[in-house]
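Reader: I would like a close look at one part of this chain, taken slowly and then set against the rest of the fold. Please begin with the loops and give me the cut-offs as you go.

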Amino acid sequence: DPTVSLPAGPVARRRSVGVPIGAVCIGGDGPVVVQSMTNTDTADIVGTARQVAELARAGSELVRLTVNTAEAAAAVPRIRDRLAMTGCSVPLIGDFHYNGHLLLEREPACAEALAKYRINPGNVGFGKKKDTQFAAIIETALRHGKPVRIGANWGSIDQAMVAAQMDENSRRAQPWDAARVAREALIRSALDSAARAEELGLPRERIVLSCKVSGVQELIAVYRDLGARCDYALHLGLTEAGMGSKGIVASAAALAVLLQEGLGDTIRISLTPEPGESRTREVIVAQELLQTMGLRAFTPLVTACPGCGRTTSTFFQELARTVQDHVRAKMPEWRIKYDGVENMTLAVMGCIVNGPGESRYSNIGISLPGTGEAPAAPVFIDGEKAMTLRGENIAQEFVGVVDDYVAR
Ligand code: SF4
């Protein structure tokens with residue numbers, strides 16, 4: 001069955017049904033896909049298109065935007081057109097809550113411009129309206145040939161499902177603890193909604209699931225369970241990871257465990273940006289997580305020693321920063337030909353203690369002289385000493401060596 005995946009990385013991937021979204025495929029034989037979300041007002045066409053383009057340039061393979069008002073829905077096709085004029089074809093995902101059925105029905109151009117819809121079974125409607133509003137969204141997806149992510153979220157869980165699970169638990173001979181009941185409610189909310197979407201005619205090749213929570217251990221427990229109970233493609237992420245290093249560490253801790261177990265077909269790192277910080281940071285973190293785990297290769301990985309008392313000048317840190325920034329800036333240009341190839345590593349080492357050894361194990365390595373040592377920096381290419389750089393322009397010359405190597 002061509003829609004079912006085989007192991008696609010250094011860890012055995014869970015078999016999932018592939019969901020094509022434009023030129024990208026979530027699940028199946030596809031690699032783990034990086035996605036992100038804008039934080040602009042979607043009704044602001046220029047600002048949103050600019051941020052989508054920025055995220056795509058940074059390497060986001062799918063970009064989600066909130067579609068919460070009639071103005072936002074009307075803006076979507078214009079954002080799509082604006083991006084197309086600049087050559088940006090990244091698939092756009094519409095994030096709908098509460099009124100998705102109305103917006104999609106009233107703005108068919110929005111329904112068409114989006115490559116995928118995300119709906120939350122916890123707030124697609126309540127009581128009897130829930131069934132009809134859910135069905136309306138699925139029918140729109142069928143009419144336009146679009147896939148749907150059914151994204152359950154602990155912060156907006158379907159309360160009827162919680163009540164049903166508590167009721168079921170009270171009849172168990174050995175009742176589950178509250179955390180397990182809550183997990184079950186979240187998972188059942190996603191699975192039951194997916195089953196209903198299939199009943200309405202949406203094929204598995206157009207369904208992605210997620211069950212997001214904000215705790216690391218909870219997320220791991222939820223996805224282990226969810227992954228074992230279905231073969232839908234899975235979107236992974238902490239729902240609110242937090243700011244700065246806390247958000248990065250929490251996301252990496254949770255997602256690394258799951259990815260290592262083969263779970264997850266697309267990831268989003270939900271970081272709260274610092275004031276003035278670029279939204280692209282979450283894309284860079286997602287890429288670096290996948291790359292350091294050996295699941296994808298986006299850019300050369302820079303290995304730098306931490307420095308110590310042997311590197312008391314700032315030259316070593318400046319070199320490491322120059323190399324890392326250069327690699328990151330070159331990413332859009334290099335990505336097309338680079339992705340999917342083996343990881344390439346660059347070593348930037350502060351002195352001869354570990355420098356030559358580490359450099360030899362990398363594709364390209366440079367070992368600076370430690371403070372007070374002779375001012376000569378040997379460069380190793382594919383394990384062999386290739387040259388020695390000297391003088392003020394070591395950083396620029398080394399960057400040139402890296403560019404030549406990538407070009408070759
Ligand atoms: Fe210190 Fe040299 Fe080791 Fe770097 S390689 S941490 S400079 S001893």
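Author: Tyrosine 98 lies in the loop between strand 5 (92-96) and helix 3 (100-106); helices (H or I, at least four residues) and strands (E, at least two) are DSSP runs, numbered from the N terminus. Residues are numbered from 1 along each chain as its sequence is written, and side-chain values use heavy atoms, with hydrogens and water left out. The model is predicted, so local features need pLDDT of at least 70 and side-chain atom pairs count only at pLDDT 80 or more, while totals for chains, interfaces and linings use all residues.

The phi of tyrosine 98 is positive, near 65°, and the residue is not a glycine. Most residues other than glycine have a negative phi. Tyrosine 98 is also exposed, with a relative accessible area of 56%. Here buried means under 20% relative accessible area, exposed means over 50%, and partly exposed is in between (1.4 Å probe, protein chains only).

Aspartate 382 is another such residue: its phi is about 50°, positive without being a glycine. Aspartate 382 sits in the loop between strand 16 and strand 17 and is partly exposed, at a relative accessible area of 48%. These two strands make a hairpin with two residues between them, aspartate 382 being in the turn. The hairpin is the part to look at closely.

Strand 16 (residues 377-381) is joined to strand 17 by five bridges, and the two run antiparallel. Strands count as paired if DSSP finds at least two bridges between them. Within the hairpin, phenylalanine 380 is opposite lysine 385 of strand 17, and alanine 377 has leucine 389 of strand 17 as its bridge partner.

On its other side, strand 16 pairs with strand 15, again in the antiparallel sense, over three bridges. Isoleucine 381 of strand 16 faces isoleucine 364 there.

Strand 16 is mostly covered, with five of its five residues buried. In a regular strand the side chains alternate between the two faces of the sheet. In strand 16, Ala377, Val379 and Ile381 point one way, Pro378 and Phe380 point the other way, and all are buried.

The hairpin belongs to an open sheet of five strands, ordered 13-14-15-16-17, with mixed pairing. Its edges are strand 13 (301-304) and strand 17 (384-389), each of which pairs on one side only. Neighbouring strands of the sheet are turned against each other by 20° on average, direction ignored. Helix 13 (residues 394-407) packs on this sheet and touches strand 14 (345-349), strand 15 (364-367), strand 16 and strand 17, with its direction at about 165° to that of strand 15. Contact means heavy atoms within 4.5 Å. Axes are lines fitted to C-alpha atoms, for helices over the stretch in contact, and angles run from 0 to 180 degrees between N-to-C directions.

Aspartate 404 is found in helix 13 and is partly exposed, with a relative accessible area of 48%. From C-alpha to C-alpha, aspartate 404 is 51 Å away from leucine 186, and the two are 218 residues apart in sequence.

Elsewhere in the chain there is a barrel. Eight strands close it in the order 3-4-5-6-7-8-9-11, with parallel pairing. Within the barrel, strand 7 (residues 148-153) and strand 8 (residues 207-212) run parallel and are joined by six bridges; valine 148 has isoleucine 207 of strand 8 as its bridge partner. Helix 7 (residues 178-199) lies across strand 7 and strand 8, at about 165° to strand 8. Helix 10 (residues 281-292) packs on the sheet too, touching strand 3 (33-37) and strand 11 (266-267), and its direction makes about 160° with that of strand 3.

The ligand has around it Cys305, Gly307, Cys308, Arg310, Thr311, Gly350, Cys351, Val353 and Asn354; a residue is near a molecule if one of its heavy atoms lies within 4 Å of it.

For the chain as a whole, the secondary structure comes to 13 helices and 17 strands. The chain's radius of gyration is 24 Å, close to the 22 Å of the globule rule for 408 residues, so the chain is as compact as a globular protein of that length. That radius is taken over C-alpha atoms, and the rule is 2.2 Å times the number of residues to the power 0.38. The C-alpha trace spans about 80 × 55 × 45 Å along its principal axes. Of the 408 residues, 54% are buried.
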